[in-house]
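The following note sets out points for a colleague's consideration. Please read the numbered paragraphs alongside the sequence and the coordinates.

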Amino acid sequence: MIDSIKQKLAKLNPSDTTNLKKAGVLIGILNYDQYEESPAIIYTQRSSTVSTHSGEVSFPGGMKEKEDKDLYQTALRESHEEINLDPLMVERIGQLNHLVSLHNIEVNPYVGLINKKPNLRPNEEIGEIFEVPINFFLNPDNLTTQKIERDNIKLEIPTWYYNSQKIFGLTAMFTADLLNICFGTNIGIIREKK
């Protein structure tokens, strides 16, 4: 499975960036011992005390800072700050196309393999760290949709419920993009003008 993911991500050429503020997030894939049969993706649930995206599921990441060499370094720095992920444990295997958040931020997702057991610990911004096996996402029975309105357009976006967590919004859209590229799942976003 991992070799196939690497090959498909290697063929990507992410789209040009915008003039918006930029953020980087890490889609970390666990691939050691217990995950060799079914690798899993790391997610976080934001703390209920943070001012933006309180209680929502997300990938570790955040806004680019001056000292960051590039957005991949942003994703690694933020992952270290938020979940104590050692950047040296991450093998970069690809980048997906950016999406623009509700707050008009260009969010750039990077995909990294974690081949040894990390010592993950949440900081004050993170309420919980959890992982979801990729096989869970590949089962179409686990997929639902959620309807939202944005810029006078009705959107139906993918949504997954895993244990007590709801994976939706930008995080679900990045997850769907990864699954579509690497596994040909054809999980779409339905758009309808008002």
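1. Phe137 is buried in this predicted model, because its relative accessible area of 3% falls under the 20% limit. Its neighbour in the chain, Phe136, is likewise classed as buried, with a relative accessible area of 15%.

2. The structure holds eight aromatic pairs. In one of them, Phe136 and Phe137 meet edge-to-face, with 5.6 Å from centre to centre and 80° between the planes. The label edge-to-face applies here because the angle of 80° is over the 60 degrees required. Ring pairs also link Phe136 and Phe137 into a cluster with Tyr43, Phe59, Phe130, Trp160 and Tyr162.

3. Which residues have the most contacts inside the largest nonpolar core? They are Ile29, Ile41, Tyr43, Phe137, Trp160, Ile167 and Leu178, in a core of 32 residues. At least two residues each come from α1 (2–10), β1, β2, β7, β8, α3 (134–138), β10 and α4 (169–183). Of these elements, α4 gives the most, with six residues. A second core, separate from this one, has 15 residues, including Tyr32, Leu76, Val90 and Ile114.

4. Helix α4 also deserves attention for a pocket. The second largest pocket has a volume of about 150 Å³. Its lining consists of Asn97, His98, Leu99, Met173, Phe174, Ala176, Asp177, Asn180, Ile187, Gly188, Ile189 and Arg191. With five residues, α4 gives the most to this lining.

5. Two basic side chains are placed over aromatic rings. Arg92 lies over the face of Tyr72, at 4.6 Å from the ring centre. The charged end of Lys166 sits over the ring of Phe168, 4.7 Å from the centre of that ring.

6. Thr74 belongs to helix α2 (residues 71–83). Is Thr74 buried or exposed? Thr74 counts as buried, because its relative accessibility is 0%. Not counting residues up to four places away in sequence, Thr74 touches Gly24, Gly62, Met63, Lys64, Glu65 and Asp68.

7. Gln95 is located in strand β5 (residues 90–95). At 18% relative accessibility, Gln95 counts as buried, since the limit for that class is under 20%. Once neighbours within four places in sequence are left aside, the contacts of Gln95 are with Leu12, Pro14, Asn108, Pro109 and Tyr110.

8. Gln45 has its place in strand β2. With a relative accessible area of 22%, Gln45 is classed as partly exposed. Leaving aside neighbours within four places in sequence, Gln45 is in contact with Gly55, Glu56, Val57, Ile126, Gly127, Glu128, Phe130 and Gln165. One of these partners, Phe130, is also in the ring cluster of point 2. Between Gln45 and Asn13 there are 30 Å in space, C-alpha to C-alpha, and the two are 32 residues apart in sequence.

9. Leu120 lies in the loop between β7 (105–114) and β8 (126–133). At 23% relative accessibility, Leu120 counts as partly exposed. Apart from neighbours within four places in sequence, Leu120 is in contact with Ile42, Ile83, Leu85 and Ile129. The C-alpha atoms of Leu120 and Gly55 are separated by 19 Å, and these two residues are 65 residues apart along the chain.

10. Where do residues other than glycine with a positive phi lie, in the case of Asp33? Asp33 has a phi near 25° and lies in the loop between β1 (21–30) and β2 (40–46). Asp33 counts as exposed, because its relative accessibility is 62%.

11. Asn163 is also a residue other than glycine with a positive phi, here near 55°. Asn163 lies in the loop between β10 (153–162) and β11 (165–167). The relative accessibility of Asn163 is 71%, so this residue counts as exposed. The backbone at Asp33 and at Asn163 may be checked when the model is reviewed.

How values were computed:
Residues numbered from 1 in each chain as written. Predicted model: local features only at pLDDT ≥ 70, side-chain atom pairs only at ≥ 80, totals over all residues. Heavy atoms only, no water. Helix = DSSP H or I, 4+ residues; strand = E, 2+ residues; numbered from the N terminus. Buried < 20%, exposed > 50% of the residue type's maximum accessible area, 1.4 Å probe, protein only. Contact = heavy atoms within 4.5 Å. Phe/Tyr/Trp six-rings, centres within 6.5 Å; stacked < 30°, edge-to-face > 60°. Lys NZ or Arg CZ within 6 Å of the ring centre and 35° of its normal. Core = buried A, V, L, I, M, F, W, Y, C linked by side-chain atoms within 4.5 Å. 1 Å grid on protein atoms, 1.4 Å probe; cavity = no way out; pocket = protein on both sides within 12 Å on 5 of 7 lines; lining within 4 Å. Points joined across faces, edges and corners; volume = space filled by probe spheres on them.
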